[in-house]
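Hi everyone, thanks for making the time. Please pull up the sequence and the model on your screens, and we'll walk through them together.

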Amino acid sequence: MKKYLKRSAVAACAAALALTAGTASAAPSTVWTVSPSPASFTAVNVGNIVLTATIPMTCTASNASGTMASATGNPANVAAISTMNFGTSGAPCTSVLGNVTTVAVTPWSVVAVDYNSATGVTTGYVGNVKANVSAGVCKFTVAGKASATYTNSTGVLAVNSVAGELTVSNPVNCGAVVTTSTKPTFKGNYAVKVAGTSTIPTIVGSNP
């Protein structure tokens, strides 16, 4: 009986220690304060936007719009991109294969993961990315996510994906140039404003 009680006491202590350790190590959910919230936004490229799938496809014009709102979580969706345009009739995207048409399948999301209070920079990614791309006769679909940062002082959403975040599917007439093994990247900067204004929205992350 004494041995049983001793074993039970040891087990209880171990369980209590494990519970305490788990509670102490759990990170509190980040509160993401978007200002203004909720609100609509627009975004216009600053410099070229480049999608590289073995070959670079460059757009001198690109724009987006959607809605943004405060959120809680790690990570957390702080904005939804409802329209995403690449190129215009007067300034089409280009590549060595010919003009490029990229049709975004929205909504995409802007996801916040970490915040640096010293710099006012939120680190995260653009999620739920999907687009149908035609470069000359070559056609394929790109999907996945793209790493990004947002800087409060400038209002610039800097998209800087790394190989492996985006994938290629359904390549047609692309030969060995673009295949399902291709690891595309999406890079470029967008200046974000509250829709219809010159106001730069801000994102601030804090832990309660």
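Let me begin with a term we'll need in a moment: a nonpolar core is a set of buried Ala, Val, Leu, Ile, Met, Phe, Trp, Tyr and Cys residues joined through side-chain atoms within 4.5 Å. Please also keep in mind that what you see is a predicted model.

With that term in hand, have a look inside. The largest nonpolar core has 48 residues, and the members that touch the most others are M84, F86, W108, F140, F186 and Y190. Let's pick out F140 from that group. Which residues does F140 contact, once its neighbours within four places in sequence are left aside? Some come from earlier in the chain, among them A53, M57, A131, N132 and V133. Others come from later on, including V168, S169, N170, P171, C174 and V178. Keep C174 in mind, please; we'll meet it again.

Now let's step back to the whole chain. The protein chain has 14 strands and one helix. It is 208 residues long, and 38% of them are buried. Among contacts with a separation of 6 or more, 64% are between residues 24 or more positions apart. As for the outside, the accessible surface is about 10700 Å², and carbon and sulfur atoms account for 60% of that area.

How far can we trust the picture? The average pLDDT of the protein chain is 90, and 87% of the residues score at least 70. The exception I'd like to point out is residues 1–26, where pLDDT is below 50. That stretch makes zero contacts in the model beyond near neighbours in sequence. Where pLDDT is low, the predicted coordinates should not be read in detail, so please don't dwell on the path drawn there.

On to the cross-links. How many disulfides does a search of the whole structure find? The search gives two. Counting bonded cysteines along the chain, the pattern is 1-2, 3-4.

One disulfide is between C59 and C93, with the sulfur atoms 2.0 Å apart. C59 sits in strand 3, while C93 is in the loop between strand 6 and strand 7, so the bond ties together parts 34 residues apart in sequence. The torsion about this S-S bond is about 110 degrees, which makes the disulfide right-handed. Are its two ends buried or exposed? C59 is buried, at 5% relative accessibility, and C93 is buried too, at 1%.

The other disulfide joins C138 to C174, with an S to S distance of 1.9 Å. Here is C174 again, the residue we met as a contact of F140. C138 belongs to strand 10, C174 lies in the loop between strand 12 and strand 13, and the two are 36 residues apart. With a torsion of about 95 degrees, this disulfide is right-handed. C138 is buried at 3% relative accessible area, and C174 is buried at 7%.

Let me finish with some backbone details. There is a cis peptide bond between S35 and P36, with omega about -5 degrees, and P36 lies in the loop between strand 1 and strand 2. Another cis peptide bond joins N74 and P75, and P75 is in the loop between strand 5 and strand 6.

Two residues have a positive phi without being glycine: T54, at about 75 degrees, and N173, at about 60 degrees. T54 sits in the loop between strand 2 and strand 3 and is exposed, at 54% relative accessibility. N173 is in the loop between strand 12 and strand 13, and N173 is exposed at 58%.

Key
Residues numbered from 1 in each chain as written. Predicted model: local features only at pLDDT ≥ 70, side-chain atom pairs only at ≥ 80, totals over all residues. Heavy atoms only, no water. pLDDT = per-residue confidence, 0-100. Contact = heavy atoms within 4.5 Å. Buried < 20%, exposed > 50% of the residue type's maximum accessible area, 1.4 Å probe, protein only. Disulfide = S-S within 2.5 Å. Helix = DSSP H or I, 4+ residues; strand = E, 2+ residues; numbered from the N terminus. Areas by Shrake-Rupley, 256 points an atom, 1.4 Å probe, with all protein chains shown as cover.
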